[in-house]
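This report covers the overall fold of one protein chain and then the surroundings of a single annotated site.

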Amino acid sequence: MSIEEATRRRVTVLSSHLNPTRFTYSDPLSASLCSARSDSDDNNQNCVFCNIVRGQSPALKLYEDDMCLCILDTNPLSHGHSLIIPKSHYPSLDATPPSVVAAMSSKVPFISNAIMKATGCNSFNVLINNGAAAGQVIFHTHMHIIPRKAYDCLWASESLLRRPLNLDDEKVSQLAASIQEQLLVSDICQESKNEEDFCPSKS
């Protein structure tokens, strides 16, 4: 794939979740380029972020610790656009352990403050594209820090009028109840998994 095609794909995919009727791309990047999490480096040899972590691909590193590193995005949406990536390979946010998400998130104030000072910005977006339909292009969890300036017109959605949510609408109440039910099921499953982890002999 040429640099021009890669750049076009990246802009199209990042923009598509903000204005899906305007931007489309018929050849989404396959998740197979980054395999599911594994301790074997061989399974992730085609993941660009894994290669950066291993020092096999170039990157401008801004920050690094035991859990994650921050690099300048090679196709930035704004001056100073950076990425926080975990050192272990997880293909999506929902596959990433909470402790890793917490480690990444805990660095946002520290790193974003430095980026804003260096770029002369006073605002920034934190963005995670999770899944192809949401604009994820590299299937290794990562968090975007995108410096912003007033009236930079970066997101088309900022000019769209939003419709207020009608809290008395029955469909809205049903949606809330459905989400709450899924949270409860997820919580019960997690508790059950934790019990199995700590009590493997329990029948």
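The chain holds five helices and five strands. Read from the N terminus, its elements follow the order α-α-β-β-β-α-α-β-β-α. The model is predicted.

Whole-chain values are collected below.

| Property of the chain | Value |
|---|---|
| Residues counted as buried | 31% of 203 residues |
| Contacts between residues 24 or more positions apart | 52% of the contacts with a separation of 6 or more |
| Exposed area | about 13300 Å² |
| Share of exposed area from carbon and sulfur atoms | 55% |

**The annotated site**

An unreviewed UniProt entry places the feature "active site" at His142. Where in the chain does histidine 142 lie? Its position is in the loop between β4, residues 123-127, and β5, residues 143-148.

Is histidine 142 buried or exposed? The relative accessible area of histidine 142 is 7%. Buried means under 20%, so histidine 142 counts as buried.

Leaving aside residues up to four places away in sequence, histidine 142 touches Phe49, Leu83, Ile84, Ile85, Met104, Leu127 and Ile128. Of these, Leu127 falls within the range given for β4, 123-127.

Histidine 142 also has a polar partner close by in sequence: a polar atom of its side chain lies 2.7 Å from the backbone oxygen of histidine 140.

Taken together, the residue that UniProt annotates as "active site" is a buried histidine in the loop between β4 and β5, with contacts that include Phe49 and Met104.

Definitions and conventions: Residues numbered from 1 in each chain as written. Predicted model: local features only at pLDDT ≥ 70, side-chain atom pairs only at ≥ 80, totals over all residues. Heavy atoms only, no water. UniProt positions renumbered as here; feature names shortened; annotations may be inferred. Helix = DSSP H or I, 4+ residues; strand = E, 2+ residues; numbered from the N terminus. Buried < 20%, exposed > 50% of the residue type's maximum accessible area, 1.4 Å probe, protein only. Contact = heavy atoms within 4.5 Å. Polar contact = N/O pair within 3.5 Å; in protein donor to acceptor, adjacent residues only side chain to side chain. Areas by Shrake-Rupley, 256 points an atom, 1.4 Å probe, with all protein chains shown as cover.
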